[in-house]
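Please keep the structure open in your viewer and follow the selections below in order, pausing at each stop to display the side chains that are named.

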Amino acid sequence: MKHNKILYLLTAVMVLFLSSCFKSLNVEPIDPNVSTANNVFDSPEAYTQALAKIYASYALSGQTGGGGGNPDIGGIDEGFGNYLRQLWGLQELSTDEAIIAWDDATIKNFHWQTWAPNDVFLTALYSRIFYSITISNEFIRNADVAMETADGTFLADLKNYKAEARFLRAFSYYHAIDMFGNVPFVTEEDMPGAFFPEQISRADLFNYIESELKAIEPDLGAPRFEYGRADQAADWMLLSELYLNAEVYTGTPRYADAMTYVNKVLSAGYTLDDNYDDVFCADNNTSPEMIFPICFDGQNTQQYGGMTFILHASNGGGMPLNGIDGGWGGIRAIQNFVTGYFGATESDFSPDNPEDSTIADKRGMFFFNTDEGWQWNIDNVGTFTQGIGVTKFKNVVYPDRVNYPDSTLPAPNAHSTFVSTDFPVYRLAEAYLIYAECVVRGGGGDMGTAVNYINELRQRAYGDNSGDIIAGDLTLDFILAERARELYWEAHRRTDLIRFGKFTGGDYVWEWKGNTQAGTATDSYRDLYPIPSNDINANPNLTQNTGY
Amino acid sequence: MKFKKLVITKLLPAVIFVLVGFTTFGQKTITGTVTDSDGEAIPGVSVLVKGTTTGTMTDAFGKYSVAVPNDATALVFSYIGMKTQEKTIEGNVTDCILSYDDSELAEVVVIGYGEVKKEDATGSIQSVSSDDFNKGNITSPQDLLTGKVSGVVITSSGGQPGGAATIRIRGGSSLNASNDPLFVVDGIPIDNGGIGGMANPLSTINPNDIESFTVLKDASATAIYGSRASNGVIIITTKKGHAGAMKISYNGNVSIGVPAKLLSVLSGDEYRTLLQQKVDEGIVSDVALTKIGDANTDWQNEIYQNAMSHDHNVSLSGSYKILPYRLSLGYTDQNGLLKYSDMKRSTIDLTLSPELFNNSLKLYLNGKAAFTDNNFSNTGAIGAAVQFDPTQPINNYNYRFGGYTAWVEASEDDQKNGMPNNIATHNPVALLEFTDNTSKSQRYFGNAKAEYIIPFMPELKVVVKGAYDYFNSEGHRYTDWLASWSHREPDQNVQDYSNMRYTSLFDSYLNYNKDFGTVHKVDFTAGYSWEHHYYEGTFIHHKWSASDSAVNAGSSAYKNEYLLASLFGRLNYNLLNKYLFTATVRYDGSSRFAPENRYGLFPSAAFAWKINEESFLRDITAITNLKLRLGWGKTGQQDIGSLYPYIPTYVISQTGAYYQFGNTFYPTLRPDPYDPSIKWEETVTENIGLDFGFMQEKIIGSIDVYKRITNDLLNDIPIAAGTNFSNHLITNVGSLENSGIEANLTVRPVSNKDMTLEVSGNFTYNVNKITKLTLVDDTTFVGYDVGGISGGVGNNVEINQVGYPANTYFLFQQIYDENGMPIEGLYTDKTGNGGEVAGDNLNKYYLENPAPQYLFGLSSRFTYKQFDVAFSGRFNIGNYVYNNNASSMALYQNLYNQSGYTSNILSDVSKSNFRTAQYWSDFYLENASFFRMDFVTAGYNFEKLVSEKLSGRLSFTVQNAFVVTKYSGIDPEISGGIDNNIFPRPRTFILGLNLNF
């Protein structure tokens with residue numbers, strides 16, 4: 001019968017679908033931009049790209065340029081969830097070097113030193129630190145597997161790569177030990193999944209970072225083997241910084257060890273740049289004193305956080321644009337810093353010449369113009385033009401310092417919004433300052449050499465030897481001040497103030513510290529930031545830092 | 001009457017004949033044919049010998065043959081949707097003509113994979129048919145339903161033509177997974193996620209083609225859809241052809257929309273006065289005075305228009321021989337209040353529903369196509385028009401920005417043509433003129449269904465369905481190179497995109513429907529369903545200059561798919577037509593989960609008791625319906641953003657996100673976070689309901705009480721640092737609860753030939769509470785921030801915390817002075833710790849939430865002869881709104897920005913006198929309860945107008961007629977409860993014409 005045929009046909013079709021369709025739920029990503037863990041490492045190039053991701057985790061917020069989606073971490077706006085931006089904020093906004101005008105969430109709490117464990121910016125940097133650590137762990141695991149079968153130059157590359165991944169992991173753990181103290185601890189032994197990492201003590205973490213940095217020293221590239229990558233000099237700088245602050249982290253000073261490693265840097269062939277401001281221009285990748293940068297590029301490494309943030313946020317109120325397309329009117333310096341370390345006052349600036357103050361130390365690159373509404377005292381933290389503008393970082397190049405000292409050209413790969421200026425994490429000048437500090441703190445070395453190093457920096461700053469010091473001037477207070485003059489806005493300030501005992505408490509107060517205009521003492525437990533409450537709630541193994 | 005005639009002429013003789021002639025014989029065989037009033041054979045009709053359980057069913061040709069005892073007197077014929085008939089046996093042939101049962105209770109409602117007589121429904125189901133739809137300039141199906149169904153909250157995103165809406169049935173059951181209900185169009189579950197260039201895919205369905213909606217609310221009704229039904233199901237049934245000659249019908253309207261209310265800002269003169277005053281007070285720098293102009297520009301007036309729209313639909317329906325058909329064509333041109341915003345849509349819908357082989361094979365073929373041209377205009381102009389300095393002229397005759405006044409960097413010498421200030425507000429008129437933001441989209445929807453009644457077993461039916469839904473859009477957003485904001489990211493000035501998605505679906509099921517006498521009735525369905533969803537798209541951006549575009553182009557692309565496969569079954573058992581039992585089960589598999597977690601089992605059970613059928617009520621004629629319903633069921637959820645959340649994947653970075661080694665820039669490879677053990681989110685619903693009908697259905701209604709508990713929430717939460725490749729992960733953590741009461745009541749006090757009056761109301765009460773949120777129960781934890789606002793970045797005003805509803809506001813308690821004015825920056829010190837109260841989140845209070853606690857919909861229809869009048873409105877009570885417009889734009893500090901430009905502020909600034917932003921003050925949290933009159937309409941029906949055949953209706957409607965609220969913003973109805981930059985909803989006046997030939 002005709003009907004039966006139709007019935008059979010329908011039944012057949014049903015059976016066909018029933019048997020074939022359940023299987024097809026096993027799908028794998030089909031997007032050409034997405035690979036699975038099983039097929040991603042199909043070429044040596046993939047390892048380079050995976051390593052590049054760890055480096056990029058300090059410069060970029062995700063896999064789309066500018067901050068246009070696909071972020072690495074959640075819970076925060078992409079432009080804010082940038083490693084360098086938050087590192088800079090936690091190290092600078094909490095100090096006398098910078099203050100911010102904006103109303104973004106709890107950002108003003110940094111300057112007031114009133115942050116809480118649920119602060120979104122603290123959480124962002126903490127998340128960033130562990131993000132970089134986790135992807136380093138993943139890379140190390142994958143490199144270990146590949147090294148079992150690799151040979152020739154690929155094996156040599158993998159050795160380098162793995163050592164760099166371990167360096168970057170140590171670099172992030174260094175930020176963790178410095179800012180959060182006792183943190184969860186994971187290594188390549190910990191596979192991703194639902195587990196609760198153990199909390200490591202600050203002292204134990206110190207030993208781990210130290211042992212890692214020492215262990216990878218032979219596998220890292222020689223100093224300046226390739227720009228942008230961590231080499232032995234970066235390793236030595238991180239070790240000397242770790243030892244320099246050892247007393248804060250462990251209670252035991254290690255200045256002699258700091259001296260050991262800074263000496264290796266000093267003999268590695270780096271030289272000071274002739275011009276201080278060239279170190280902060282768009283072509284600073286060519287600077288002879290750059291040891292380890294976080295790289296940015298207007299066309300290839302685009303990001304609203306990072307250097308784009310530092311340049312734009314510090315611009316406004318009629319300041320020169322220096323290669324960017326406009327200011328966001330956020331961060332500037334305060335009088336305690338400008339007057340306290342450069343001796344400059346309001347009368348050093350005039351509306352005709354708002355940039356060129358009469359400050360002899362040319363490292364003080366400030367802007368102040370009453371015609372544009374600038375005001376020396378900060379009555380309202382939210383008004384950008386109260387305070388003193390900073391013009392240290394620029395997105396231009398000086399092509400010919402000799403013949404045309406003030407004429408500039410656009411940055412390489414110039415983009416009006418995204419800057420090409422790299423962030424100097426470590427540069428030679430800091431090595432000079434570490435050497436001098438170790439000498440003064442009794443870590444060995446030679447006082448005459450120390451004075452020479454400081455004078456080299458000051459001669460560059462003054463243009464002549466009018467700023468030179470003698471051995472008697474080289475005190476701890478002088479070193480803290482000199483570090484401020486040389487390294488301001490380079491994300492060292494909070495660590496320095498803590499090492500010198502001036503960050504919290506009432507020894508040193510500045511405008512709006514403790515949320516009063518005159519400045520007031522704060523509690524010493526704030527030398528450490530709290531473990532973010534998100535992690536306390538996600539990991540039962542964690543105990544909050546004292547005081548929070 | 002017919003029946004009497006029948007009794008006298010046929011039954012009586014028959015009875016006598018039977019009594020006299022055949023009482024002593026044993027058995028005999030009776031045959032016959034059952035047809036409807038049109039003479040069409042009806043298969044599957046139950047034929048029972050009266051007073052026994054002996055019986056059979058008609059075959060595909062409507063024929064039956066049954067052996068009856070000789071003493072049998074009559075046969076009982078029954079069929080769903082038709083009046084049951086009793087026929088006295090006369091001779092060996094008994095034919096029967098069944099007539100359709102038009103009473104309310106006999107109405108058939110569409111449910112998942114089938115239909116059921118309303119009186120036999122066991123779940124919480126509500127239907128809305130075209131008579132009850134909202135009237136107005138409605139281009140999107142969901143707007144037909146707003147306020148009509150208890151428990152359903154529909155919030156449009158604003159007045160954007162073809163814009164999306166947020167639809168919530170009984171509150172949201174998820175935190176991060178989708179809270180949207182499942183839409184089923186003519187039996188096909190559709191993917192209602194938007195794609196770029198078309199925000200609301202529902203808007204591609206022409207509302208004129210919709211016959212009815214059925215909303216399935218409790219789990220006993222929805223569980224047949226398993227994993228996709230946690231948020232309820234909305235079934236859309238479209239119109240079909242009918243028997244008979246071709247009927248042509250035209251439906252059209254022209255309308256004009258006007259702004260109902262705009263934000264109140266300062267005029268140019270008021271601005272100059274206020275600025276001078278604030279400079280004198282030292283609050284604003286005197287540099288500001290050098291920036292202002294002498295114009296008086298009303299920027300809002302410049303960007304809005306009265307929106308003319310028109311809409312036309314023609315449908316042809318009838319039967320060509322055995323082929324019923326319906327063809328409809330629609331054209332809509334809807335303009336928005338914002339200049340240039342526009343949607344032009346053409347739709348075609350063709351339905352063929354032939355029945356073959358003497359009706360044993362029913363085919364249903366439907367094809368829909370929609371072609372939409374969208375102009376999204378530049379909604380950024382809405383906020384800009386509020387903020388742009390009213391003292392500036394529209395045009396200042398510069399040559400760099402096409403003449404349109406633009407803010408220039410303060411450091412530039414030429415303040416007309418210098419480098420534009422990128423963070424300043426951009427000229428609202430220029431934003432509209434220099435933006436070309438349009439898209440074209442196509443949607444094709446094909447649906448074929450075959451229903452086959454097995455000839456030798458007419459109670460068994462096989463249904464096979466296949467559907468294909470294809471959807472694409474292509475669009476661009478171009479920024480003219482003259483635009484002052486085109487300099488910020490010049491490589492974004494030319495943006496081209498295209499997106500495509502399709503769904504293919506196959507399902508088939510068996511249905512067995514048999515009456516075992518008058519005692520037992522069984523209706524059993526079992527089947528299989530399979531769906532494949534696929535998406536892809538590209539996005540390209542570059543500078544205007546062609547040479548640059550090659551070098552600086554950025555591009556991205558995506559391609560994704562997921563699959564669902566399911567087995568499902570339902571058993572309806574009817575005992576004595578008094579006790580109804582339903583059990584359903586669905587076994588769902590989703591490609592989103594690992595094989596070991598892939599399948600979820602979603603059962604439900606329901607019981608209903610038709611109390612009015614009991615002997616003690618049967619004689620009370622005033623009670624026509626009284627039914628108690630109890631339901632329990634479990635449903636699931638798998639709809640999260642990620643399609644491969646359990647697979648470890650790596651993603652390569654796009655151009656612009658490369659990193660430098662030496663002189664080479666490398667793309668980067670990133671491992672993405674994954675949760676190998678991610679699984680279904682599960683919601684258990686319990687429901688008790690009562691349906692009632694009194695006085696010949698003059699009063700009908702229902703009341704439901706429910707509780708829904710969701711466990712293993714698919715929740716995007718912070719995870720333990722160091723354990724995965726991000727700080728956040730979508731994983732199964734947390735629980736939440738919704739409970740509520742719903743009621744519907746319709747009263748028809750007058751119903752006669754000349755006059756009818758019907759009044760309907762519905763009531764909803766829902767409370768939502770989070771009961772678990774984190775792995776660690778830390779009592780000091782305040783919750784996870786949600787609810788980002790504009791003004792600053794990363795600022796949130798809502799929170800998710802255990803013990804509170806989702807999206808509870810989390811704010812400081814404002815302190816007021818003796819005159820009732822808020823004191824800037826002064827808040828209650830909740831913790832008592834002293835110091836800076838605003839510096840400590842622990843001082844914030846958990847306050848209210850955006851969801852309305854009570855809803856009350858009210859509508860009425862009155863007809864008198866050829867005139868009719870109707871209205872529909874609704875109360876939302878207890879919905880709170882954070883007035884973000886006021887908190888970010890009613891501040892004196894905004895008058896002048898240190899980057900060198902002036903801005904307008906809201907007149908509301910006088911209510912707070914705040915100088916700087918106080919985003920977390922509860923001063924900005926307002927009770928936005930409201931009553932909105934959705935429409936008022938009046939019409940006149942005419943017949944035999946020009947010729948005998950022509951009839952029609954002429955109507956006048958006011959849509960969004962008025963809103964009563966205490967809320968101070970322009971509109972209290974805000975999806976998500978944060979009011980900023982909303983596209984204003986128009987008040988629309990519509991003249992409509994309907995003609996039938």
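Select chain A and chain B together, bearing in mind that this is a predicted model, and display the interface, where 120 residues of chain A are in contact with 105 residues of chain B. The area buried between chain A and chain B is about 9600 Å², and carbon and sulfur atoms account for 59% of that area. Between these two chains the count is 1 salt bridge; to find a salt bridge across this interface, select A:Asp72 and B:Arg670, whose closest N and O atoms are 2.7 Å apart.

Next, stay with chain A and select helix 3 (residues 83-93) and helix 5 (residues 120-147), which pack at an angle of about 130° with their axes 9 Å apart. That angle makes helix 3 of chain A oblique to helix 5 of chain A, and the crossing of helix 3 and helix 5 of chain A is left-handed. Show the side chains at this contact: from helix 3 of chain A come A:Tyr83, A:Gln86, A:Leu87 and A:Leu90, and these meet a set of residues in helix 5 of chain A that includes A:Phe121, A:Leu125, A:Arg128 and A:Ile129. Coloured by residue class, the contact of helix 3 with helix 5 of chain A divides into 8 nonpolar, 2 polar and 1 charged residues.

Move on to helix 6 (residues 152-179) and helix 7 (residues 202-216) of chain A, whose axes lie 10 Å apart and whose packing angle is about 155°. Helix 6 of chain A is therefore roughly antiparallel to helix 7 of chain A, since angles over 145 degrees are counted that way. The crossing of helix 6 and helix 7 of chain A is left-handed. Among the residues of helix 6 of chain A in this contact are A:Arg166, A:Phe167, A:Tyr173 and A:Ile177, while those of helix 7 of chain A include A:Leu205, A:Phe206, A:Glu212 and A:Leu213. The residues of the contact of helix 6 with helix 7 of chain A divide into 13 nonpolar, no polar and 5 charged.

For the last stop, turn to the salt bridges, of which the structure holds 74 over all chains. Select A:Arg427 and A:Glu289, whose side chains meet in a salt bridge with an N to O distance of 3.0 Å. A:Arg427 lies in strand 9 (residues 423-427) of chain A and A:Glu289 in the loop between helix 10 (255-266) and strand 3 (290-294) of chain A, so this pair ties together parts that are 138 residues apart in sequence.

Technical notes:
Residues are numbered from 1 along each chain as its sequence is written. Chains are lettered from A and ligands numbered from 1 in the order in which they are written. This is a predicted model: local features need pLDDT of at least 70, side-chain atom pairs count only at pLDDT 80 or more; totals for chains, interfaces and linings use all residues. Side-chain values use heavy atoms; hydrogens and water are left out. Axes are lines fitted to C-alpha atoms, for helices over the stretch in contact, and angles run from 0 to 180 degrees between N-to-C directions. Helices (H or I, at least four residues) and strands (E, at least two) are DSSP runs, numbered from the N terminus. Angles under 35 degrees count as roughly parallel, over 145 as roughly antiparallel, 65 to 115 as roughly perpendicular and the rest as oblique. A crossing is left-handed if the near helix is turned anticlockwise from the far one by less than a right angle, and right-handed if clockwise. Contact means heavy atoms within 4.5 Å. Ala, Val, Leu, Ile, Met, Phe, Trp, Tyr, Cys and Pro count as nonpolar, Asp, Glu, Lys and Arg as charged, and the others, Gly among them, as polar. Buried area is the accessible area (1.4 Å probe) that two parts lose on being put together, summed over both. A salt bridge is a side-chain nitrogen of Lys or Arg within 4 Å of a carboxyl oxygen of Asp or Glu.
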